[in-house]
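Q: Please examine one part of this model closely and set it out in a single connected account. Some context on confidence and on the remaining architecture would also be welcome.

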Amino acid sequence: MSESVSPEVLERVLRTLAETQKLPLEQVTPEATFEQLNIDSLDGINILFALENEFNINIPDESARLVRDVRQLAEGVQKLIYEKPAPAA
Amino acid sequence: MTRRVAITGVGCVSALGNTAPEFWAACLAGKSGISQIGGFDMTGVRFQNGAQAHGFDASRHFDGKQLIPLDRFAQLAIVAAREALAQAQLELTDDERSRAAIVTGSCYGGKTSEDAGFAALYRDAQPRIHPMTIPRLMANAGASALTVELGWQGPVWTVSTACSSANHAIGQAFWLVRHGLADVALTGGSEAPFTYGSLKAWEALRVVSPDTCRPFSKGRNGMVLGEGAGMLVLEPLDRALARGATVIAEIAGFGMGADAHHITQPSAAGAARALRLALADAQLTPEAIGVVNAHGTGTAANDVTESAAIRDVFAGNLQDLRVTASKSLHGHALGASAALEAVATVLGLQAQRVIPTANFLERDPECDVPLCLEQQPWDHAAAVSNSFAFGGLNAVLVFTRKLGRPQSPVPSLS
């Protein structure tokens, strides 16, 4: 079952991905696969790092390995944001 | 199989410019690249001057994505290598490409990336550091990136022997080509040591000059750090001549040895031994040598022991010898230094000139060598380039001008 991704999170994921891959933003669509975007394993690591910084989350190795396209990536990020402990008051 | 080895391309990036011709013009002019260190806050560092490659703009050579896994030291190596290869105009067969060698030297590897990552972790309490930190910091990063760029699949490795790294690298690449283990080789060294952490480490060792590098001069007060890369293309002389390549010079010999004496104090005996081994490897006597590109760091200790070694080995021809110390111009670029000095030495052989030692104040009786202070025409058939590293690891190269090495008997090792 897929997570519903907020427009704001999706937009930030697309932007982070485009910046990391040095791609025009319009080329990075939710439907695009990593293969279509020419993202190899090393690129993937850089993207995960950029997303961790962008959203202040920790992406576990095992869930990162399963991601194949932009939508899955955004869903995974959204899930981690939901799971993130609330900041201490 | 033993073959004569030609140098058919050189490239370098340094404080003296972004290309070998710029480097050579500054060497001839005695124009030192030492200036105020920039790029980060130098507050609290006792020395302020260095020889940075201020003119190097990575974005002119790489697109943004190419740069992600490349530390500055690897960028410098690649750019210098491209220049050397463009000059050599090699056209390799598939078989030659499968055996083509790359041997590089670097003292520090990707120190800039490592330092930035550790500052983020330790100082800024960041939870993570850049995922390319490991590929950036490995000392073979430049060599490995070049294999991908060129498709060269032969012996490729990186030597790390502090200030002798590039001479050890060039010497081993030379032996690969001389003995038929590779048909062509790309070799040299690169270094990018300007990080706050490494400058503080040098400061603590108390060997860095507060003003400038004055090799063999009275009043010298230490070395000045530099950065850059030098690369040379090597191939058998016969191959170079057959394809009509321009032969800049030949490498004729390499000698290396260890002082087995002290971790930082140099030894004149160890330096002299490496010089004699290099001459023996080149089958030349000391009288054949017209120029010494000295290790010449400008530290109290090195210049005295190196002077003693030079006076010992070249006792019979000091009047026909000129010593030059180009670190006064391009700084001490650690693992790249010997590569920059190799480029200076072979361009000197090609031009039949000897380059000046800058920043000289007055003669030091403890450094009594025939030091060149003004560039001059100098008829010389052969030159040596010295590198003597911390840890007592000495490496000396012998170069000859392209017309052919002078005939002389094999020297005896004493």
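A: The model is predicted, and its confidence within chain A is lowest in helix α3 (residues 61–66), at a mean pLDDT of 83. The highest confidence in chain A belongs to helix α1 (residues 7–21), at 96. Chain A as a whole averages a pLDDT of 90, with 93% of its residues scoring at least 70.

The part chosen for the close look is strand β15 of chain B, residues 382–389. Eight of the eight residues of β15(B) are buried, so the strand is largely enclosed by the rest of the structure. In a regular strand, side chains alternate between the two faces of the sheet. For β15(B), one side carries B:A382, B:V384, B:N386 and B:F388, while B:A383, B:S385, B:S387 and B:A389 lie on the other. Every residue in these two sets is buried, and both faces of β15(B) are therefore covered, with burial taken as under 20% relative accessible area.

The pairing of β15(B) with other strands adds to this picture. Strand β10 of chain B, residues 291–293, runs parallel to β15(B) and is joined to it by three bridges. Opposite B:A383 of β15(B) stands B:V291. B:A383 is also one of the buried residues of β15(B).

A second partner is strand β16 of chain B, residues 393–400, which pairs with β15(B) in the antiparallel sense over eight bridges. Here B:A382 stands opposite B:T400 of β16(B). The two strands β15(B) and β16(B) form a hairpin, with three residues between them. Within the turn, B:G391 has a positive phi of about 95 degrees.

For context, chain A contains four helices and zero strands, and its elements follow the pattern α-α-α-α along the sequence. A compact globule of 89 residues would have a radius of gyration near 12 Å, and chain A has 12 Å, which agrees. Along the principal axes, the C-alpha atoms of chain A fill a box of roughly 40 × 25 × 25 Å. Buried residues account for 42% of the 89 residues in chain A. Of the contacts in chain A between residues at least 6 apart in sequence, 62% join residues at least 24 apart. The accessible surface of chain A amounts to about 5600 Å², and carbon and sulfur atoms contribute 54% of that area.

Methods
Residues numbered from 1 in each chain as written. Chains lettered and ligands numbered in written order. Predicted model: local features only at pLDDT ≥ 70, side-chain atom pairs only at ≥ 80, totals over all residues. Heavy atoms only, no water. pLDDT = per-residue confidence, 0-100. Buried < 20%, exposed > 50% of the residue type's maximum accessible area, 1.4 Å probe, protein only. Pairing = 2+ DSSP bridges. Rg over C-alpha atoms; globule rule 2.2 N^0.38 Å. Contact = heavy atoms within 4.5 Å. Areas by Shrake-Rupley, 256 points an atom, 1.4 Å probe, with all protein chains shown as cover.
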